[in-house]
Amino acid sequence: MSHTPTAVLFDREEHLPRKAGTADELSRLASFICGKPIAFAVLADEEALHAAMPDGLDPAQRQALFDLARVAAGHNVLRRRLARAEGFLQGFAEHSPSPLWIKDRRGSYVMGNAALHGLLGVEQPGLLGKDDSHFWPEDISRSLAEQDRAVLDHSEVIKTMETSEDGARHWLVHKFPIDVDGEPFLGGSAIEMTNEVEKERTLIRHDNFYVLLSRLTAIISRARHLETLCLDACRVATTQQGIDLVDIACADPVSGALSMFTSAASDGSEHVWPARCNQSGPPAEWFAADAAAQAVANGKMQISHEMTQACRRRNIASCMAIPLFVNERCWGVISIYSQRSDFFDNFYRERAGELGTELSFGLERLINAQELHRLARTNALSGLPSRLQFEEQIAALAASSMAGTVLLVNINRFDDLSSAYGNAAAIGLMRVIAQRLRAAVNERMLLSHVGIGRFALFLPATLEDSPENFVHETIVPLLQGSYQVEQHKIWCTINVGAASLPTDGVNADTLLVKAWDALASARDRELRFGVYNREELGQTTRQISLESELRDAIERNEFINYYQPKIDLKTGRLAGAEALIRWRHPQRGLVPPAEFVPLLERSGLVIAAGRQVMQRAMEDWRGWHDAGLKPPQIAVNVAPAQFRCDSLLGDIQHALETAGARYHPLSIEITESSLVSDHRRVAEILHRIRRLDVPIAIDDFGTGYSSLAYLVSLPVDVLKVDRSFVMKMTQDAGYMGLVNTIVSLAHTLDLKVVAEGIESEEEAKLLKLLRCEQGQGYLYGRPVPAEEFAAMLKR
């Protein structure tokens, strides 16, 4: 590809010596030596010089001529090199895509390549001899002249980045000093940097965008509330160059109507709207409602240049609306505004989805967390606050030193109602009760559904009405009575317990437990309302502690047997004995039975303790027998709980094997209460016991159930008259008649009679007259340890 040079590098006449000057001088000197004209070409050619050299030259002349020839040859070499260098420079400059130039000290162009002519829009060689004032406005040409003077005055290199007036093109300009034979010139080059600048700007824009995403990620991770997340997101977005305003609006889930939520501007102004996302709030004056609504409706990013009057006042020229999704539903939209009409180009179009996805993730995380928080604090059946919510509310009240009363409302026999009418009816009943309670509670109270059939209220101490009056005048009339649930008519009764904050506790769990204790105590007394009593708590605490000690006592075999003799009233001889449990406490010594036997029965520990008593009684009996004594039959009490345990028959058989069943060493005593609960099961067990040849006695006859039917149907051998009857028969003829009736009834049924609690000779004589077979009591002997009873057998 050929190219014709269109500019000269330098003005040779003015700035370079002529080529002919040196050659002519050398030719003249050679001609003088030879005495005839010698051309420069001959002088520079050694063979031609020899041919032209005249005869008769002395050696000095010849040497001088050869020296001139060498100079001429060197001159030719230099001339050729210079021409070659000029050719290189000429070609490099003319073919360079970057403008290149040289100016003189006055600022006039002495050289400029084709690229410079093209940049300045002038024809060749119209550039030479002109300065920048011919091509640039006055202010620009003045600035360029100042730069040129600085380069020449200080002999320094200057680099600047220059941009076209429309900002579309960019050049990296180098200006540097050039010295030619002591004369200063200024060289310059302008490298096209438009592509590089655009790449750098794209990279910076890319980096800034992902810095925005990373900052948004950090905001999402620490945000705890929607308002905080949305406001921070708006705020951080406005830090991006070119973004002037950002707002977030949320959409109504039914109508899709948008309500402003948060906004922030690059000037630092920001706003949080009071309207919630399920309400219709007033839009901001700048809000691009059409673009936002279209983004919500289509679920796609929208760009708009149709700005409101308020936007135009802010010089806003474009808007991008990005939909935000929560749980696959469009939750709202984030709108980004810029004063540049072309700001939202392909770069933002391609990355709008990333911004929307990131913010949607943060919104979904918070909204789902809030929903989980709400569900955890709401009872799903009644819609009332749950126990967890009540616990948090009470904790907050306690922390603020609030005083008041916690009421626990219990729907009596709710489980029975559910079984009778079905689960659906029970749930319906709970919802009706919840609605009634919600209507009765004012804004100063708290209400919660804390359990199945149980509701809790908090009444602040500042209420005019007392808790007791509120219960009797409001709660009881409101809740107790008949309910129509579906096709069922359900009758409900309630009980209410109360505990005080902070007197009885400072957390809901403690207060509800104590309110339940008060409720249970009131129910036992057939009262509708009860207040927690600390003394009852002390008793309960002692009972719990005692129960723990009793368990340890069973494991450590701390229970021992005492034996009280039974006397044949006719002969006065020993006829039997009753084994009675005693507790030898390691610190307290012997503990009275009244302190621990009732708790053994309530806790179910009586099963293990009764087994130990029976086994030890038979071991003692066997020991006495093996010692040559004649031990009588030992009666052991069997508690109702033992009848509910499948191991009773096995325990009896094991005890009989210890003593020797053939000796009939064992009898059992049961209370009338054992016969009331599950009569059929008890009867079956008694018949099986009777087949083991173990006599059965009914203890404390006449004080309990006292049904004559079981005396006939059950395998009973002995009736024991309660000591309360024996004590009163000497003073009260009625009791005398009652004892006589019991003895007569027993004899009629072929049963023996044992009288308990005989303490006087008079009581013994009367019982003997009534033909009572046996008696026991302090008159004949107190309960004694096994060793003392053995001594009694020896007498």
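Let me begin with H117, which lies in helix 6, residues 114-120; helices here are DSSP runs of H or I with at least four residues, strands are runs of E with at least two, and both are numbered from the N terminus. The model is a predicted one, in which local features need pLDDT of at least 70 and side-chain atom pairs count only at pLDDT 80 or more, while totals for chains, interfaces and linings use all residues. Residues are numbered from 1 along each chain as its sequence is written, and side-chain values use heavy atoms, with hydrogens and water left out.

H117 counts as buried because its relative accessibility is 4%. Buried means under 20% relative accessible area, exposed means over 50%, and partly exposed lies in between, with a 1.4 Å probe and protein chains only. Setting aside neighbours within four places in sequence, H117 is in contact with G112, V122, E123, Q124, P125, G126 and L127, where contact means heavy atoms within 4.5 Å.

A second buried residue is L57, whose relative accessible area is 13%. L57 sits in the loop between helix 4 (46-52) and helix 5 (59-95). Its contacts, again without neighbours within four places in sequence, are I33, R62 and L65. L57 and G35 are 22 residues apart in sequence, and their C-alpha atoms are 9.8 Å apart in space.

I turn now to the protein as a whole. The secondary structure comes to 29 helices and 28 strands. The radius of gyration is 59 Å, well over the 28 Å that the globule rule gives for 795 residues, so the protein is more spread out than a compact globule. That radius is taken over C-alpha atoms, and the globule rule is 2.2 Å times the number of residues to the power 0.38. Along the principal axes, the C-alpha atoms fill a box of roughly 195 × 75 × 45 Å. Buried residues make up 45% of the 795 residues. Of the contacts with a separation of 6 or more, 59% are between residues 24 or more positions apart.

Next, the interior. Which residues touch the most other members of the largest nonpolar core? They are F559, I634, L686 and I689, in a core of 76 residues. Helix 20 gives the most to this core, with eight residues. A nonpolar core is a set of buried Ala, Val, Leu, Ile, Met, Phe, Trp, Tyr and Cys residues joined through side-chain atoms within 4.5 Å. A second, separate core has 37 residues, including L213, L229, C234 and A352. Returning to I634, its contacts beyond four places in sequence include A617, M618, W621 and W624, as well as Y563 and P665.

The largest pocket holds about 990 Å³ of space. On a 1 Å grid over the protein atoms alone, a pocket is an open set of points with protein on both sides within 12 Å along at least five of seven lines, a cavity is a set of points where a 1.4 Å probe fits but cannot get out, and lining residues have an atom within 4 Å of a point. Grid points are joined across faces, edges and corners, and a volume is the space filled by probe spheres set on the points. The pocket has 37 lining residues, of which E578, L580, P593, N637 and D699 lie nearest its centre. Helix 19 supplies the largest share of this lining, six residues. By class, the lining divides into 19 nonpolar, eight polar and 10 charged residues. Here Ala, Val, Leu, Ile, Met, Phe, Trp, Tyr, Cys and Pro count as nonpolar, Asp, Glu, Lys and Arg as charged, and the others, Gly among them, as polar.

How many cavities of 30 Å³ or more does a search of the whole structure find? The search finds two. The second largest has a volume of about 40 Å³, and its lining consists of L212, L216, A233, V236, A237, I334, L355 and L359. Helix 9 gives the most to that lining, with three residues. The lining comprises eight nonpolar residues, no polar and no charged.

Finally, some backbone details. The peptide bond from L501 to P502 is cis, with omega near 5 degrees, and P502 is found in the loop between strand 17 (494-501) and helix 17 (508-524). H664, although not a glycine, has a positive phi of about 50 degrees; with 39% relative accessibility, H664 counts as partly exposed. D750 is another residue other than glycine with a positive phi, near 65 degrees, and D750 is exposed, with a relative accessible area of 69%.
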